[in-house]
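Hi,

Here is the structure I promised to pass along. My notes on what turned up follow right below it.

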Amino acid sequence: MSGKNPELIWERLSRLIEEVNLLYERKSYAVPSPNITFAQLRILNCIKLSPGGSVRLKEIANALQITAPAVSQIVERMVQQGMIERIQSRDDRRSVEISLSGIGRECHAHNNCFFDKLFDKLLVKVSPEKEAVFLEVLDHLILAIKNEKLRSNHL
């Protein structure tokens with residue numbers, strides 16, 4: 001891999017994720033929002049981004065690469081907090097799907113606002129051209145990861 005430094009890229013991506021997570025936990029750019037964990041936020045995003053607005057527990061576990069028992073515990077807490085609801089599947093009466101409640105939608109919107117404000121502030125000195133290149137690289141990495149996951153599933 002001439003000219004590429006995967007170790008440095010991974011180090012910086014890891015550091016970026018860690019720093020964003022720490023800022024999120026401190027809520028130093030926060031908008032008023034219920035206090036939720038980063039894992040709960042990931043589940044809210046997974047549900048919000050699903051085509052039908054609801055998902056099964058197994059789909060959340062697969063999408064987020066978290067064990068089904070761990071997802072089940074987090075989901076149970078979120079149901080108790082009123083962020084998500086269990087609904088009977090339209091396709092299979094024996095199956096239960098998870099969807100956002102009004103509180104969950106509000107939580108998701110508040111957290112999107114948090115990240116919008118955070119990245120507006122962090123990217124203030126980044127030119128539109130560099131931001132476009134950054135987004136292009138991120139899109140490329142996301143696609144490459146999806147392709148790698150597909151490839152590894154077929155082995």
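The largest nonpolar core (buried Ala, Val, Leu, Ile, Met, Phe, Trp, Tyr and Cys residues joined through side-chain atoms within 4.5 Å) has 25 residues, and Ile43, Leu44, Ile47, Ile60 and Ile84 touch the most other members. Two or more residues each come from helix H1 (6-26), helix H2 (38-49), helix H3 (57-64), helix H4 (68-80), strand E3 (96-100) and helix H5 (102-122); helices (H or I, at least four residues) and strands (E, at least two) are DSSP runs, numbered from the N terminus. H2 gives the most, 5 residues.

Before you dig in: this is a predicted model, where local features need pLDDT of at least 70, side-chain atom pairs count only at pLDDT 80 or more, and totals for chains, interfaces and linings use all residues. Residues are numbered from 1 along each chain as its sequence is written, and side-chain values use heavy atoms, with hydrogens and water left out.

Leaving aside residues up to four places away in sequence, Leu44 is in contact (heavy atoms within 4.5 Å) with Ile36, Met78, Met83, Ile84, Leu100, Gly104, Cys107 and His108.

Ser99 sits in strand E3 and is buried at 10% relative accessible area (buried is under 20%, exposed over 50%, partly exposed in between; 1.4 Å probe, protein chains only). With the same sequence cut, Ser99 touches Ile47, Gly53, Ser54, Ile84, Glu85 and Ile87.

How many disulfides (cysteine sulfur pairs within 2.5 Å) are there? The search of the whole structure gives 0. The sulfur of Cys107 has its closest cysteine sulfur in Cys113, 13 Å off, so that is too far for a bond. Cys107 is buried at 0%, while Cys113 is partly exposed at 29%.

Cheers

Notes: Disulfide = S-S within 2.5 Å.
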